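Reader: I should be grateful for a close look at one part of this protein. Please choose a single strand, describe its surroundings, and then follow the chain outward from there.

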Amino acid sequence: MKYLNPKADLTFKRVFGEHPDLVMSLLNALLPLTADQEITDIEYLPSEMVPENPLRKNSIVDVRCKDKQGRQFIVEMQMIWSPEFKQRVLFNASKAYVRQMSVGEEYELLQPVYSLNLVNEIFEPELEGYYHHYQMIHVENSDKVIDGLQLIFVELPKFTPHSYAEKKMQVLWLRYLTEINDNTREVPEELMANPEVKKAVDALEVSAFTDAQLAGYEKFWDIISVEKTLYNSAERRGMEKGMAEGMEKGIEKGIEKGMAEERHLIALNMKKQGVSFELISQCTGLSIKEIELL
C-alpha cells in the first residue's frame with residue numbers, strides 16, 4: 001500500500017477538516033485539558049487564516065472548529081517557522097476570542113480559545129521538550145491563571161515515541177504525523193490497532209485521491225521547497241547585511257531586500273526551466289507582469 005504525507009494541505013484537511021471525530025481525538029490528545037474538560041462534540045468553522053507574507057502563504061494549513069460550549073479550537077500545521085509566527089498565532093487567537101462577543105453582551109459569555117500549532121521545524125533548540133504551552137499566569141503565583149487564550153506549539157522533529165509514554169493517544173497521533181510519508185509501505189501495527197488512527201491512515205492511501213489531487217499534492221511540496229529556500233536565503237542575506245550595517249533597522253531592511261532579490265532570482269531560474277508563469281507567481285509572490293519582465 002502507498003500513502004501520502006499527512007502534513008500536506010490536501011491530506012491534513014482531508015483527515016482533520018472532514019472528520020470531526022478525528023480532529024476531536026487529536027485535540028483531546030494534544031491540548032492541556034483535564035478529564036472534565038474533554039471535547040465531546042465538534043462543529044467546523046470557516047477557515048480564514050491566510051499569512052500576509054507571500055513568501056509563506058502556502059506553508060500554513062489550518063482547521064478551525066468549536067464545541068457546544070462555545071470553546072474555539074484552531075489547529076495549524078506550520079511547515080516553515082519564522083520568529084514572528086508566535087505573534088501571528090497570538091493575534092489570530094485573540095481575534096477569535098474577541099469575535100465571540102456581540103455589542104451589548106456580557107464578558108462572562110466569552111469562552112476559551114485554544115490554538116494548537118504543529119510545527120515541522122525546531123524553533124526552540126535550547127529546550128529539550130517538544131511541547132510548549134503558553135497561557136496568562138500570575139508572574140509570582142503561577143497557580144493564578146486568567147482563562148481565555150491557550151497557545152500550544154509542538155515541535156514535530158523533536159518528538160520520539162519514548163517521550164510522554166504515558167499519554168498513549170498523544171504518542172499515537174504524533175507518530176502518525178511524523179512517521180507516515182510518501183515512502184511508507186507498511187504502517188506500524190501499533191497505529192493500525194487504534195480505530196481512530198487507522199481511519200486517519202486509511203484516508204492517506206494514494207488510491208483515495210484523483211490524479212488532479214495528486215498533482216496538487218506534488219505542487220504543494222514544490223512550493224514549500226521554494227518557500228523554504230526563499231526564506232532561508234533571505235534570512236541569511238538579511239543577517240549578513242544587518243551585521244555589516246550594525247543596526248536593527250539594517251537587519252530588517254536587509255532581510256526585506258534579500259527576500260526581494262531571492263524571489264527574482266528563483267523566478268528567473270524557474271522561467272528558464274520552462275515553468276508556467278502561474279506556478280512561478282504562486283511560489284514567489286511575484287505578479288505575472290513582473291515575471292514577464294525578468
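Author: In this predicted model, Ile74 stands opposite Ser115 of strand S4. That pairing is a good place to begin, for it leads to strand S3, the part chosen here. Strand S3 covers residues 72-78, and 7 bridges join S3 to strand S4, residues 113-119, with the two strands running parallel.

S3 also has a partner in strand S2, residues 60-66; here 7 bridges join the strands, which run antiparallel. One position shows this pairing directly: the bridge partner of Val61 is Met77 in S3. S2 and S3 form a hairpin with 5 residues between the strands, and within this hairpin Gly70 takes a positive phi near 100°.

How many of the residues of S3 are buried? The count is 7 of its 7 residues, and the strand is thus described as mostly covered. In a regular strand the side chains alternate between the two faces of the sheet. In S3 both faces are covered: Gln72, Ile74, Glu76 and Gln78 are buried on one side, and Phe73, Val75 and Met77 are buried on the other.

Beyond S3 the chain enters the loop between S3 and helix H3 (85-98), where Trp81 lies. Trp81 belongs to one aromatic cluster, together with Phe85, Phe123, Tyr134 and Phe153. In the structure there are 13 aromatic pairs. A pair of aromatic rings is described by the distance of the centres and the angle of the planes. Trp81 and Phe123 form a stacked pair, at 4.0 Å centre to centre and with 20° between the planes. Phe123 lies in the loop between S4 and S5, so its pair with Trp81 ties together parts that are 42 residues apart in sequence. Both Trp81 and Phe123 are buried.

The pair of Trp81 and Phe153 has another geometry. The ring centres are 5.9 Å apart and the planes stand at 85°, so this pair is edge-to-face. Since Phe153 belongs to strand S6 (residues 145-155) and Trp81 to the loop between S3 and H3, this pair ties together parts that are 72 residues apart in sequence. Phe153 is buried, as is Trp81.

The loop between S4 and strand S5 (131-137) also holds Glu124. Is Glu124 buried or exposed? Its relative accessibility is 10%, and therefore Glu124 counts as buried. Leaving aside residues up to four places away in sequence, Glu124 touches Lys86, His132, Tyr134, Glu155 and Lys158.

The wider setting may now be added. The largest nonpolar core has 53 residues, and those with the most contacts inside it are Phe16, Leu27, Leu116, Leu118 and Tyr176. Helix H2, residues 20-30, gives the most to this core, with 7 residues. A second, separate core has 13 residues, including Val89, Ala93, Ala96 and Phe153. Not counting residues up to four places away in sequence, Phe16 touches several residues, among them Val63, Trp173 and Tyr176. In helix H4, the buried residues include Trp173, Tyr176 and Leu177.

A word on confidence is also due. The average pLDDT of the protein is 84, and 84% of the residues score at least 70. Over residues 49-56, however, the pLDDT is below 50; this stretch has 23 contacts in the model beyond near neighbours in sequence.

Key: Residues numbered from 1 in each chain as written. Predicted model: local features only at pLDDT ≥ 70, side-chain atom pairs only at ≥ 80, totals over all residues. Heavy atoms only, no water. Buried < 20%, exposed > 50% of the residue type's maximum accessible area, 1.4 Å probe, protein only. Helix = DSSP H or I, 4+ residues; strand = E, 2+ residues; numbered from the N terminus. Pairing = 2+ DSSP bridges. pLDDT = per-residue confidence, 0-100. Contact = heavy atoms within 4.5 Å. Core = buried A, V, L, I, M, F, W, Y, C linked by side-chain atoms within 4.5 Å. Phe/Tyr/Trp six-rings, centres within 6.5 Å; stacked < 30°, edge-to-face > 60°.
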